[in-house]
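The following exercises are to be worked through with the coordinates open. Each task is followed by a stepwise solution.

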Amino acid sequence: MEEPGTPLVAMTGVSKAYGGTLACDRVDFTVRRGEVHALLGENGAGKSTLMRILSGDVTGYRGTIEIDGEPVSFGGPVDARKCGIAMIPQELDLVPGLSVAANIFLGREPHTKFGAVARQRMHRETRELLARTGIALDPKRAVGELRTGEQQLIAIAKALALDARVLIMDEPTSALTGAEVERMAKVIGELREAGAGIVYISHRLEEIGRIADRATVLRNGRVAAGFAARDLTVEQVTEAMIGRPVQALFRVKHGETGGELLRLDDFALRPRRHRPGRREPAGISLTVRAGEIVGVGGLLGSGRTELLETLFGAGTPGRWQGRVRLNGREVRPRRPRHAAKLGLALVPEDRRVAGLALPHSVRANTALSVVDRLATAGVVPRRRENATVTKVLTELKVKGAVADPVGTLSGGNQQKVVLGRALLTEPALLLLDEPTRGVDVGAKAEIYQLLAAAAARGIGVLLASSEPAELVGLCDRVVILRDGRSERELDTHDAGEAELLAAAMGEAR
């Protein structure tokens with residue numbers, strides 16, 4: 001590959017303060033034509049603020065921005081788009097009730113000479129854009145019916161429709177399967193060949209060396225380090241991100257467990273009606289003991305999420321088959337409140353949709369699970385609520401005031417709020433669905449420590465994850481699901497990531 005030439009984007013001495021906090025402090029950042037520049041850092045390191053400045057979403061900063069050597073100043077995202085800058089945010093800005101085509105062309109709909117929306121043209125161009133991302137979907141289908149990975153690819157197609165010269169991708173693979181990641185990498189390669197500059201933000205450090213040319217690490221709003229992506233190691237980047245040597249992310253497994261908490265014997269759900277895109281339990285057998293962390297692995301669509309939701313009484317209504325025993329007693333949680341009374345707690349996959357009421361305070365979101373316990377004569381005393389919430393947030397090292405809207409917290413701190421709310425119920429069994437999705441390596445380490453401490457206190461943990469390293473490093477055993485069935489069980493004292501991946505794909509190893 002030829003050495004990229006003059007910087008397409010040059011940000012120099014960029015600073016942005018919120019109150020007395022410097023989100024970005026004299027940051028220099030460049031993107032060249034035909035280059036993928038990875039931007040790394042913990043949640044709250046300044047990545048999002050810097051890119052929101054570049055995309056025109058944040059104004060009132062100090063420093064300069066040049067596009068093709070010409071100074072620019074954006075009054076909003078429309079100005080940035082006119083300069084060829086487009087951003088795919090981590091939290092997708094799609095409208096669930098609108099069709100795929102309507103989302104891709106929202107605000108830019110083509111019209112006929114009579115002023116009507118040219119729907120046939122819009123549908124044709126949507127198919128062409130989706131083909132570039134490697135998926136075939138009906139342009140008329142509602143986005144809300146699609147799984148998260150498909151929505152992510154639609155967001156990429158939406159950005160391609162803008163024909164951007166600079167594309168900012170924030171956590172683009174967080175919800176994608178391995179095959180979908182390969183498709184996206186192909187699209188990135190095409191954009192690179194066309195001379196586009198790409199800013200690639202990801203917490204999956206193993207992707208960076210494969211996709212990016214350069215990497216810049218931010219810490220506390222400043223540039224902490226820069227790497228040629230081909231020379232990058234996970235250890236180097238992690239140390240640059242958190243500012244200290246990395247000893248061990250994962251817990252020491254002692255193999256000491258208590259009695260059996262949960263037992264599933266050929267558990268299946270026969271739904272009353274089929275829900276598109278869901279893989280209900282079709283024959284799952286597993287056990288979880290007190291103080292044990294058991295992983296649930298498998299490819300996207302294997303039924304991991306559906307299993308946890310069903311056990312928590314939040315899944316598809318239907319008839320249960322097989323046996324579910326909790327502390328030796330056969331149970332069937334009818335709804336989440338019933339499950340909580342039985343000693344179960346769930347941390348859902350998508351914290352922003354199913355885990356948090358974003359406009360409400362950190363205090364309200366955390367205390368939600370124990371309102372009945374805190375109330376006196378139907379009223380929750382504010383002092384008691386504050387004391388309870390402050391205690392758990394301090395233990396979890398959540399950065400944010402209890403009165404702040406939870407939506408203003410970083411992704412890692414939001415996830416710790418959801419986890420703190422679950423732990424407040426003092427559960428016997430903790431159900432975790434992708435507990436570190438979209439959080440940085442520092443927050444991951446803290447969440448791993450919290451889960452290790454919970455297991456040490458005798459809490460059983462059933463953890464679904466798409467990250468083999470997380471399953472191997474954190475869990476005592478891993479049950480692999482395929483098509484809603486338990487395919488194989490692996491002991492992580494003996495099996496590694498390769499064995500997990502092979503089992504998930506149905507290969508003997």
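The model is predicted. In strand β17, Leu429, Leu431 and Asp433 point to one side and Leu430 and Leu432 to the other, and the residues on both sides are all buried.

**Exercise 1. Determine how β17 is covered and which strands pair with it.**

Step 1. Take the burial count: β17 spans residues 429–433, and 5 of its 5 residues are buried.

Step 2. Assign the faces. In a regular strand, side chains alternate between the two faces of the sheet. Here Leu430 and Leu432 form one set and Leu429, Leu431 and Asp433 the other, with both faces covered.

Step 3. Identify the partners. Strand β16 (residues 344–347) runs parallel to β17 and is joined to it by 4 bridges; Val347 stands opposite Leu432. Strand β18 (residues 460–464) is also parallel to β17, with 5 bridges, and Asp433 faces Ala464 there.

Step 4. Look at one residue of β18. Leu462 lies in this strand. Its relative accessibility is 0%, so Leu462 counts as buried. Its C-alpha is 47 Å from that of Arg119, a residue 343 positions away along the chain.

**Exercise 2. Describe the pairing of β9 with its two partner strands.**

Step 1. Start with β3 (residues 36–40): this strand pairs with β9 (residues 214–219) in the parallel sense over 4 bridges. Leu40 has Val217 as its bridge partner.

Step 2. Turn to β10 (residues 222–228), which runs antiparallel to β9 with 6 bridges between them. Ala215 stands opposite Phe227.

Step 3. Inspect the connection. β9 and β10 form a hairpin with 2 residues between them, and Asn220 in the turn has a positive phi of about 55°.

**Exercise 3. Assess the burial of helices α16 and α1, and state what follows each.**

Step 1. Check the length of α16 (residues 441–456). The helix has 16 residues and reaches 22 Å from first to last C-alpha, close to the expected 22 Å.

Step 2. Count its buried residues: 12 of 16, so by the cut-off of under 20% relative accessible area α16 is mostly covered. Among them are Val441, Lys444, Ile447, Tyr448, Leu450 and Leu451.

Step 3. Repeat for α1 (residues 47–54). With 6 of its 8 residues buried, α1 is largely enclosed by the rest of the structure. The buried residues are Lys47, Thr49, Leu50, Met51, Ile53 and Leu54.

Step 4. Read the backbone after each helix. Gly458 follows α16 with a positive phi near 100°, and Gly56, just after α1, takes a positive phi of about 85°.

**Exercise 4. Find the number of disulfides and the setting of Cys24.**

Step 1. Apply the cut-off of 2.5 Å between cysteine sulfur atoms. The count comes to 0 disulfides.

Step 2. Check Cys24: the nearest cysteine sulfur, that of Cys83, is 20 Å away, and Cys24 is in no disulfide.

Step 3. Add accessibility. Cys24 has 0% relative accessibility and therefore counts as buried. Cys475 likewise has 0% and counts as buried.

**Exercise 5. Locate a nonpolar surface patch and classify Leu106.**

Step 1. The patch is made by Val95, Leu98 and Leu106 and covers about 200 Å².

Step 2. Place Leu106: this residue lies in the loop between α3 (100–104) and α4 (119–133).

Step 3. Classify Leu106. Its relative accessibility is 40%, so Leu106 counts as partly exposed.

Key. Residues numbered from 1 in each chain as written. Predicted model: local features only at pLDDT ≥ 70, side-chain atom pairs only at ≥ 80, totals over all residues. Heavy atoms only, no water. Patch = residues over 30% accessible without salt bridge, like charges linked within 9 Å, V, L, I, M, F, W, Y side chains within 5 Å. Areas by Shrake-Rupley, 256 points an atom, 1.4 Å probe, with all protein chains shown as cover. Salt bridge = Lys/Arg side-chain N within 4 Å of Asp/Glu carboxyl O. Buried < 20%, exposed > 50% of the residue type's maximum accessible area, 1.4 Å probe, protein only. Expected span 1.5 Å × (residues − 1). Pairing = 2+ DSSP bridges.
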